[in-house]
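Please examine the sequence and the model shown here before reading on. The paragraphs that follow lead from one local feature to the overall fold, and then into the interior.

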Amino acid sequence: MFYDKVSWDFMFECLRMRGFGPQWCSWMKQVVVGGTVSVKSNDMLVTIFKGDLLSPILFNFVADCLAQMIINSQKSNLICGLTEHLIPGGVCILQYANDTILCLKNDKEKVRNLKILLYVYEMMFGLKINFSKSEVILVNGGPDLEQEYTDLFNCQVGVFPIRYLGVPVSPSRLHSVDWIPLEEKNS
């Protein structure tokens with residue numbers, strides 16, 4: 001897990017911004033900085049866990065900051081998501097756990113704005129986004145545009161269908177072969 005690379009100061013600032021008080025933040029800091037966690041049942045300590053079991057939920061507070069930055073950028077018309085004719089500003093970000101999908105309208109200036117936003121987030125977050133594990137997938141557009149965006153983000157070209165939360169997603173009709181891995185997993 002890459003959680004240990006998160007800026008501690010930034011993470012605790014995220015908690016303070018969400019309204020958690022100083023005492024609660026102090027307890028969380030004690031847990032994540034190397035404490036142990038015990039489960040008490042019927043006035044008895046049942047299990048003692050070494051390390052930090054709160055990392056996933058605390059990471060969500062940090063990840064939520066990216067979503068808030070994107071929403072604020074949409075409100076300022078710095079970036080624009082897909083389907084803005086259905087949803088004001090369009091859909092820009094989908095997040096689940098540590099998976100993030102960013103959806104942008106084909107507007108080179110706004111795509112560059114997103115790249116800047118991601119760099120700012122990296123500086124605040126304390127963790128460099130791994131663009132080599134990221135992909136650019138175009139719904140429409142040719143190979144030249146695809147290459148321009150992959151060069152901008154220094155990432156790979158992806159193809160549909162993609163898998164999000166184990167489910168195939170595509171802008172076109174899916175075929176039965178696209179569902180086979182999901183069917184095999186559930187067998």
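In which loop is the place of P161? P161 sits in the loop between strand 6 (156-157) and strand 7 (162-164). The structure is a predicted model, and in it the peptide bond that leads from F160 to P161 is cis, with omega near 0°. Most peptide bonds are trans, and most residues other than glycine have a negative phi. Two asparagines depart from the latter pattern. N77, in the loop between helix 3 and strand 3 (93-96), has a positive phi of about 60° although it is not a glycine. N154 belongs to the loop between helix 5 and strand 6, and its phi is likewise positive, near 50°. With a relative accessible area of 59%, N154 is exposed.

The wider fold may now be considered. The protein chain contains 6 helices and 8 strands, arranged along the sequence in the pattern α-α-β-β-α-β-β-α-β-α-β-β-β-α. Of its 187 residues, 29% count as buried. Among contacts with a separation of 6 or more, 45% link residues 24 or more positions apart. The surface that the protein chain exposes amounts to about 12400 Å², of which carbon and sulfur atoms supply 56%.

The interior can be approached through the largest nonpolar core, which has 34 residues; I70 and F153 touch the most other members. At least two residues of this core come from each of helix 1 (8-17), helix 2 (22-32), helix 3 (55-75), helix 4 and helix 5 (143-153). Helix 3 gives the most, with 9 residues. Leaving aside neighbours within four places in sequence, F153 is in contact with V111, L114, K115, L118, F131 and V136.

L66 lies in helix 3 and counts as buried because its relative accessibility is 8%, below the 20% cut-off. Beyond its neighbours within four places in sequence, L66 is in contact with I93, Q95, T100, L117, L118 and Y121. L66 and I93 are 27 residues apart in sequence, yet their C-alpha atoms are 9.0 Å apart in space.

Helix 4 repays closer study. At 1.5 Å a residue, the 18 residues of this helix (residues 108-125) should span 26 Å, and the 25 Å between its end C-alpha atoms agrees with that expectation. Its buried residues are K110, V111, L114, K115, L117, L118, Y121, E122 and F125. These residues cover an arc of only 160° around the axis, and therefore lie on the same side of helix 4. An α-helix has 3.6 residues a turn, so residues three or four places apart point the same way. The face turned away from the buried side carries the exposed residues E109, I116 and M123.

At the start of helix 4, a side-chain oxygen of D107 comes to within 3.2 Å of the backbone nitrogen of E109. After the helix comes G126, which has a positive phi near 90°.

Which residues does E122 contact, leaving aside its neighbours within four places in sequence? They are L127, K128, I129 and F131. E122 is part of helix 4 and counts as buried because its relative accessibility is 10%. Its side chain reaches the backbone nitrogen of I129 at 2.7 Å.

How values were computed
Residues are numbered from 1 along each chain as its sequence is written. This is a predicted model: local features need pLDDT of at least 70, side-chain atom pairs count only at pLDDT 80 or more; totals for chains, interfaces and linings use all residues. Side-chain values use heavy atoms; hydrogens and water are left out. Helices (H or I, at least four residues) and strands (E, at least two) are DSSP runs, numbered from the N terminus. The expected span of a helix is 1.5 Å times one less than its number of residues. Buried means under 20% relative accessible area, exposed over 50%, partly exposed in between (1.4 Å probe, protein chains only). The arc is that of the directions from the helix axis to the C-beta atoms. A polar contact is a pair of N or O atoms within 3.5 Å; within protein, one must be able to donate a hydrogen and the other to accept it, and residues adjacent in sequence count only if both atoms are side-chain atoms. A nonpolar core is a set of buried Ala, Val, Leu, Ile, Met, Phe, Trp, Tyr and Cys residues joined through side-chain atoms within 4.5 Å. Contact means heavy atoms within 4.5 Å. Accessible areas come from the Shrake-Rupley method with a 1.4 Å probe; for residues, only the protein chains shown count as cover.
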